[in-house]
Every structure is written in C-alpha cells, then in structure tokens.
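Hello,

Here is the structure we talked about passing on. Please open it first, then read the notes below.

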Amino acid sequence: MIIGVAGRNAAGKGAVVSFLQGCGFVSHSLSDELREELSAQGVPESRSAMIELGRKVRRRDGTAGLAHRVLKRISTERNHVVDSIRHPAEVEALRENSEKFLLVWVDADEATRFERLQARGRSGDPKSLEEMRVLEGKELSNEDEAGQQLESVRAMSDYTIVNDASIESLDSKVSEVLTANLNFERPSWDEYFMSIASVVASRSNCVKRKVAAVITQDKRIISTGYNGTPRGFKNCNEGGCPRCNAFGPGGADLGDCLCSHGEENAIIQAAYHGVSVKGATLFTTFCPCLLCTKMIVNSGMAEVVFDAEYPLGERSLELLREAGVNVRKVERRC
C-alpha cells in the first residue's frame with residue numbers, strides 16, 4: 001500500500017506521516033527531493049525557493065517528475081507513505097504505479113494553521129495571516145501547468161482528515177483509514193506455486209523451451225525440477241543436446257532428445273534425496289508428456305496442476321484421469 005499525504009500548510013501532514021511511520025510505513029517526501037537539489041546547488045532553503053525549484057523540475061522532468069523519482073525507491077514488499085504531493089500528475093503517477101494507493105487530504109481551519117506556523121517558526125513561513133493567504137492562493141491553483149495545483153489534488157483525495165483537535169484524535173482518524181483498507185488481494189495457492197514454478201523454469205538450459213515443475217505436499221514444496229541435459233552433461237544451450245540445437249519440428253525425433261523434462265527432474269530429485277511424493281501435487285508450467293505422465297502415475301502422486309497446453313498432451317491427460325490422478329488447468333496471472 002502507498003498512502004499519499006497532501007494538504008495546506010501546517011494542516012498536520014507531518015503528524016500523519018509520523019503516525020504511519022510508527023505503523024511500519026516507509027516515509028518519502030517530494031519536498032525532500034527538492035531540498036536535496038537545493039543543497040546540491042548551494043541555495044539556502046526557503047519556501048519561495050522550494051516553490052520555484054518545484055516549477056523548474058516539473059518543466060524539466062515532466063509534471064510527475066518528482067513522483068517518479070520517489071517511485072524508484074518504493075518496493076512492493078513494504079507499505080509506504082508519500083508526503084508533499086502538490087500536483088495532480090503526481091497523484092496519477094503514484095496511483096498508476098502501485099497495487100493500492102490512497103490519497104489523504106489533511107486540513108484544519110485557517111486560524112489554527114496560522115497559529116501552528118507561528119509556533120514552529122520555520123524559515124520562510126509567512127509572518128502574517130494576509131501573507132499566508134497570498135501564499136496559499138498561489139499553491140491552491142496556478143495558471144502555470146508546472147506550478148502547484150493543490151485544489152486539484154484535494155479533488156482527487158480518497159479521504160479528508162480534519163486535524164482540529166488533539167494528536168490522539170488525529171492518530172485515531174488515520175487509524176480508521178487504515179482499518180477500512182486492510183483488505184488486499186493475495187495469490188491463491190495455485191497461483192503461488194505456479195509462479196514459483198515459473199521462476200524455477202528460468203534455470204532451464206534447454207534452447208527450445210523452458211519448463212519446470214514444483215512438487216508440493218500439504219502446501220509445502222518438497223521438490224523442484226527444470227528441463228535440461230542430465231547431471232554431468234554439457235548444457236543444452238552449450239550444444240549438449242543435438243536434437244534441440246538442430247531446432248527441428250516440434251514433436252519429431254523425441255527419442256533423440258537428451259534433455260530431461262521438468263516433471264521428470266522434479267520426481268528424480270525427490271528420489272535422489274529420499275523424499276516420498278506419494279499423494280503429492282505436481283505443479284508444472286507445461287502439460288506433461290506421455291513419459292512424464294507414466295512417472296507421475298507410478299510415483300503415486302494424487303494431483304497434477306498445469307498451465308500451458310502441450311500439442312501431444314491429450315493422451316497424457318486421459319491416462320492421468322484413468323489412473324485416478326486429479327488434473328486441473330490453471331493460468332498464471334500476469
């Protein structure tokens with residue numbers, strides 16, 4: 001999950017970010033991207049300097065340029081919070097590049113925000129209420145496409161949090177947003193094991209086709225195998241199998257092929273390490289051939305789950321079903 005945080009000056013965006021950091025979110029700030037650039041240029045940090053640099057960066061790198069910088073640092077294994085979003089293109093970029101993105105608009109009344117500004121005493125903050133109004137007017141809407149467009153950002157928000165009470169009250173409101181969005185999609189067991197089989201297939205050294213199988217028992221992987229030449233032989237991609245390297249027609253001269261199949265290797269690896277596959281489920285990226293089918297049946301496996309069809313696989317599927325092996329076809333999600 002990525003939570004974007006936006007709002008007017010001194011509304012409490014930093015407090016929201018701090019709470020989410022305490023919940024394990026990794027924090028990123030578009031403003032920090034500007035601060036780093038100002039520092040590299042030797043320019044003292046001020047609000048006006050930040051605003052002007054923001055315009056230059058959006059003109060130079062595109063209106064979503066700052067968001068794309070941050071996206072390079074975001075991993076799918078963690079939850080993230082992104083602060084200082086000030087342009088609708090930044091919202092769109094974050095939304096398009098995350099599995100789940102929520103934009104939270106943080107707000108408070110004018111008098112409260114001005115009081116907070118005076119209390120924090122940050123360099124470049126407005127010194128009067130009128131000065132704050134003028135500055136916010138430039139931030140809310142702008143004829144310059146590269147300028148800040150906070151009004152448009154607010155219109156795109158999924159949640160509005162009014163920060164008009166205690167910090168405990170603010171934390172509670174943020175917690176409610178998290179609780180309302182705890183549902184997320186997990187891969188099914190079929191998708192999970194088939195995806196792992198796909199990764200195993202990447203180890204194949206066969207020049208014609210990469211195939212792999214994963215054998216599971218009680219939702220636990222007990223063996224894997226991918227197609228390629230036998231142990232001790234020259235790899236297929238190094239010329240080890242003349243039949244594959246001749247790139248002849250599919251299905252022809254199968255008896256001359258030196259490559260072991262993915263299912264075959266998975267079963268052999270289990271036997272090699274003394275692991276029983278009786279009653280197990282085999283996930284394979286390709287429908288088993290006749291040879292592998294006979295090995296599956298004789299090894300006592302209970303189920304075969306496959307992805308891609310095999311042109312000569314109909315007879316294999318018939319034999320599996322005749323032997324009482326459950327057969328299912330699933331497709332990996334991209």
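**Surface and overall form**

The accessible surface of the protein chain is about 17,400 Å², and carbon and sulfur atoms account for 49% of that. Bear in mind that this is a predicted model.

The chain has 334 residues, and 46% of them are buried. Its radius of gyration is 29 Å, whereas a compact globule of 334 residues would have one near 20 Å. Along the principal axes, the C-alpha atoms fill a box of roughly 85 × 40 × 30 Å. The secondary structure comes to 14 helices and 10 strands. Take the contacts between residues at least 6 apart in sequence: 63% of these join residues at least 24 apart.

**Two cores**

In soluble globular proteins, nonpolar side chains tend to be buried together. Here, the largest nonpolar core holds 27 residues. Val82, Ile85, Leu94, Phe101, Leu103 and Val153 have the most contacts inside it. Several elements each supply at least two residues of this core, among them strand S1 (2–7), helix H3 (47–61), helix H5 (88–96) and strand S4 (101–107). A second core lies apart from it, with 23 residues, including Val211, Ala266, Val304 and Val325.

Val82 deserves a look on screen. Leaving out residues up to four places away in sequence, Val82 touches Ile2, Ile3, Gly4, Val5, His28, Leu30, Val70, Ile74 and Leu94.

**The five-stranded sheet**

Strands of a sheet pair through backbone hydrogen bonds, either parallel or antiparallel. One open sheet has five strands, in the order S7-S6-S8-S9-S10, with mixed pairing. Its edge strands are S7 (221–226) and S10 (326–329), each of which pairs on one side only. From one strand to the next, the twist averages 15°.

Strands S8 (residues 281–286) and S9 (residues 303–308) pair in the parallel sense, over five bridges. One bridge to follow is that of Phe286, whose partner in S9 is Ala308.

**Thr285**

Is Thr285 buried or exposed? This residue lies in strand S8. Thr285 counts as buried because its relative accessibility is 7%, and the cut-off for buried is under 20%. Neighbours within four places in sequence aside, Thr285 is in contact with Met194, Ala197, Ser198, Lys210, Val211, Ala212, Asp307 and Ala308. Two of those names have come up already: Val211 is in the 23-residue core, and Ala308 is the bridge partner of Phe286.

Best wishes

Terms used. Residues are numbered from 1 along each chain as its sequence is written. This is a predicted model: local features need pLDDT of at least 70, side-chain atom pairs count only at pLDDT 80 or more; totals for chains, interfaces and linings use all residues. Side-chain values use heavy atoms; hydrogens and water are left out. Two strands pair if DSSP finds at least two bridges between them. Helices (H or I, at least four residues) and strands (E, at least two) are DSSP runs, numbered from the N terminus. Axes are lines fitted to C-alpha atoms, for helices over the stretch in contact, and angles run from 0 to 180 degrees between N-to-C directions. Buried means under 20% relative accessible area, exposed over 50%, partly exposed in between (1.4 Å probe, protein chains only). Contact means heavy atoms within 4.5 Å. The radius of gyration is taken over C-alpha atoms; the globule rule is 2.2 Å times the number of residues to the power 0.38. Accessible areas come from the Shrake-Rupley method with a 1.4 Å probe; for residues, only the protein chains shown count as cover. A nonpolar core is a set of buried Ala, Val, Leu, Ile, Met, Phe, Trp, Tyr and Cys residues joined through side-chain atoms within 4.5 Å.
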